[in-house]
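Here is a short set of exercises to work through with the model open beside you. Try each task before reading its solution.

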Amino acid sequence: LGNNQVMLEAIRDFYLATGVSIGMKPAGGIRTAKQALQFLVAVKETLGDAWLTNRRYRFGASALLNDLGASFRQALDGLDGMHERVSLLYPALRPPRFRCESLESGGIRLHYWSERRGFASMIIGLIEGLAERYNQVADVVHDYQRDAGHDHDSFIIHLSEAQPDAG
């Protein structure tokens, strides 16, 4: 992580001193699932859950995302497979599980089970980032919340087409 860790610590220190949050996109693309996990853990440990969104922390992970599919729904359906590949790198890892459900409203409910707590905000950022990758905007509602007594988290997702930048 090197310089990126230094930047995360500077962002944290600036936030603690001023109350102003600054986002970050580290230089250099993420090439492997192992690197992606290292970066996300560093962000969570250094800055906390509030930075686990695509508005505050982004990295170039297109090499990883190319495997997910040709559409937003295929990408969501591929999350379990991606985590299975990550678990090959970390045999002790207990990866989260995901399941998609089509809603009559045309939306999607993404179910998320994990033994680790505190990553639901990252899932919202993941959903929003995937939608953006497919030129869509995701309206995400954190429906079932494990912290509220449910056995897992779920997110209701409604998509709309992204509007081209004016200018």
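The exercises below move from the whole chain to a sheet, its strands, a helix and two loop residues.

Before starting, note that this is a predicted model, in which local features need pLDDT of at least 70 and side-chain atom pairs count only at pLDDT 80 or more, while totals for chains, interfaces and linings use all residues. Residues are numbered from 1 along each chain as its sequence is written, and side-chain values use heavy atoms, with hydrogens and water left out.

**Exercise 1. Survey the protein chain: list its elements in order and state how much of it is buried.**

Step 1: Start with the elements, where helices (H or I, at least four residues) and strands (E, at least two) are DSSP runs numbered from the N terminus. The protein chain has six helices and four strands, and from the N terminus on they run α-α-α-α-α-β-β-α-β-β.

Step 2: Turn to burial, where buried means under 20% relative accessible area, exposed over 50%, and partly exposed in between (1.4 Å probe, protein chains only). Of the 167 residues in the protein chain, 40% are buried.

Step 3: Look at contacts, meaning heavy atoms within 4.5 Å. Among those with a separation of 6 or more, 57% come from residues 24 or more positions apart.

**Exercise 2. Work out the strand order of the sheet and find its edges.**

Step 1: Strands count as paired if DSSP finds at least two bridges between them. S2 (residues 108-113) pairs with S1 (residues 97-102) in the antiparallel sense over six bridges, and five bridges join S2 to S4 (residues 153-161), again antiparallel.

Step 2: The full order is S1-S2-S4-S3, an open sheet of four strands with antiparallel pairing. S1 and S3 (136-142) each have a single partner strand, so one side of each is left without a neighbour in the sheet.

Step 3: On average, neighbouring strands are turned by 25° against each other, direction ignored; the axes are lines fitted to C-alpha atoms, for helices over the stretch in contact, and angles run from 0 to 180 degrees between N-to-C directions. H6 packs on this sheet and touches S1, S2, S3 and S4, with a direction about 160° from that of S3.

**Exercise 3. Which residues point each way from S2, and which stand opposite Arg109?**

Step 1: Ile108, Leu110 and Tyr112 point one way, while Arg109, His111 and Trp113 point the other way. In a regular strand the side chains alternate between the two faces of the sheet.

Step 2: Six of the six residues of S2 are buried.

Step 3: Arg109 stands opposite Glu101 and also opposite Ile156 in S4. Elsewhere in S2, Trp113 is the bridge partner of Arg97.

Step 4: Follow the hairpin formed by S1 and S2, which has five residues between the strands; Gly106 in the turn has a positive phi of about 95°.

**Exercise 4. Check the length of H6 and list its buried residues.**

Step 1: The expected span is 1.5 Å times one less than the number of residues. For the 14 residues of H6 (residues 120-133) this gives 20 Å, and the end C-alpha atoms are 20 Å apart, which agrees.

Step 2: The buried residues of H6 are Ala120, Ile123, Gly125, Ile127, Glu128, Leu130 and Ala131.

Step 3: Leu130 is in contact with Leu76, which also touches Cys100, Ile108, Leu110 and Ile157, leaving aside neighbours within four places in sequence.

**Exercise 5. Are Arg116 and Asn135 buried, partly exposed or exposed?**

Step 1: Arg116 lies in the loop between S2 and H6. Its relative accessibility is 45%, so Arg116 counts as partly exposed.

Step 2: Asn135 lies in the loop between H6 and S3. At 53% relative accessibility, Asn135 counts as exposed.

Step 3: Asn135 has a positive phi of about 55° although it is not a glycine. Most residues other than glycine have a negative phi.
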